Amino acid sequence: MQRTNLNATITTDIAVIGAGTAGLTAFHEISRAGCSVLLIDRGPLGTTCARVGCMPSKAVLHAGEQWATLSQLAPGGIAAADQTPDRLWQHARATRDRLAQATVERTIADAGDRLVMGDARFLDAGTLDVGGQRITARALVIATGSRPVVPKFLAELGARVVTTDSLFELDKLPRSIGVLGLGAIGLEMGLALARLGVRVVAGDLKSTPAGITDPEVRARALELFSGELTTWLGRPVEVEAAGEALRMHSGDASATVDLVLAALGRQPNVEQLDLARAGVTLDSHGQPVVDAASLRAAGKAAVFLAGDVSPDRPLMHEAVDEGVMAARGAMHSIGKGIEKALPARRAAMSIVFSNPDVAAVGLPFDRLDLSRTVIGTAQGSGNGRSVILGAEGNLLRVYVDRHSGMLLGAALVAVKGEHLAHALAWAVQRGDTVEALLAMPYYHPSIEEMLQSALKDAAKQRAATR
């Protein structure tokens, strides 16, 4: 780590604030181009994905599936298998620790003496104070990530309210938990904990879980998950202390739980930076105004934002792209940009690893011009692989331009749906048509044959309107 005389000012071409996925990507991109660069982080090191995000959540989902399977196959005889939900929970946490530590070690090894640990704040457009150390930079990349939203009424309940930043620090599973917010994280963690034997009550003001916009996929997802979670959708949820427990209310429904998981979204970590001192234009909520194409913040400073701190697409693969975009923008702003075009944004793709997975690709249902769109449908009940897996509830809907036959997007709820989602995203990004995709090979029996069936349905509809 950087060891310097605090009385001396460090000067660099570009400073990258935040050592998460976007920040590390930007740091490496700038380093490869031969510019001087410092990587600044307040700690702890390790990306959001590795410490509290996509990796620990998937480890817990896997643990939940293991326990659910074991419970179904060996009712009454589980103890003989030397497994308990708490043991599986501990294994998931150990997996998280191993992955996070590997990320920390790579960061330290890659950055070396260019890593500065401490809280950064702007003194002016090109000067930072980092724990008493002054750093000047000609351009800056801000990739400080985000943190969970915890409304005041929940924060007042103290340690009985957890977030995804603290959930994985629990030594033991609670007997019961309330989940506020059924977005992707809320749904994943609610199902994972339910499958580990925790009683889960989940509520959301929205009537749709996981941001699903396709009405048929929404209805199927609610049907498939209704047996595992108690859900209160489309109405407010109140929480109050009840002795050592918490009492949840929603309309006429109520429940007592040990803990509440706040899964109400995330907010950018920018307040501590004093962006106004850098001349960055802020909106009415105190957030930086950012050009979506260049990721440059409005104002006089050469400041670029990447990753969750600019929450347009808070996904890891998008953070990688934004890290590259911000790095190249920063280098170009100081006259050291290499002649490389900014990477094009990839086809939109979101996956909820809920098993059956919920996924959306490309243009979402609520943005379709239905007068110009045909929707091809495939059901798991008509797919041999789905029937074998006991996943007759699988549903895939593909959106196709009625005139050109181009695949516009898709939505699905399906076991092994993560694989279908990738194939669909690749097809959307390539601009494939129904005819081109039907010419591809489809192995039997496979979930991918659902795509073939949905495409055939779309082709039939197109032919009928010609």
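## Antiparallel hairpin

In this predicted model, strands S12 (residues 238-242) and S13 (residues 245-250) pair in the antiparallel sense, joined by 5 bridges. The two strands form a hairpin with 2 residues between them. Within the turn, glycine 243 has a positive phi of about 70 degrees. Alanine 242 of the hairpin stands opposite alanine 245 in S13.

## Open parallel sheet

A separate topic is the open sheet of 5 strands, whose order is S8-S15-S9-S10-S11 and whose pairing is parallel. Its edges are formed by strand S8 (161-162) and strand S11 (230-233), each of which pairs on one side only.

At the S11 edge, strand S10 (residues 199-204) runs parallel to S11 and is joined to it by 4 bridges. One residue-level contact of this kind involves glycine 203, whose bridge partner in S11 is tryptophan 232.

## Second largest pocket

The second largest pocket has a volume of about 620 Å³. It is lined by 23 residues, of which Glu65, Arg195, Asn355, Pro356 and Val415 are the closest to its centre. Two elements give two or more residues to this lining: helix H3 (54-73) and helix H11 (417-430). Helix H3 gives the most, with 7 residues.

Which classes of residue make up the lining of the second largest pocket? The lining has 8 nonpolar, 8 polar and 7 charged residues.

Terms used. Residues are numbered from 1 along each chain as its sequence is written. This is a predicted model: local features need pLDDT of at least 70, side-chain atom pairs count only at pLDDT 80 or more; totals for chains, interfaces and linings use all residues. Side-chain values use heavy atoms; hydrogens and water are left out. Two strands pair if DSSP finds at least two bridges between them. On a 1 Å grid over the protein atoms alone, a cavity is a set of points where a 1.4 Å probe fits but cannot get out, and a pocket is an open set with protein on both sides within 12 Å along at least five of seven lines; lining residues have an atom within 4 Å of a point. Grid points are joined across faces, edges and corners, and a volume is the space filled by probe spheres set on the points. Ala, Val, Leu, Ile, Met, Phe, Trp, Tyr, Cys and Pro count as nonpolar, Asp, Glu, Lys and Arg as charged, and the others, Gly among them, as polar.
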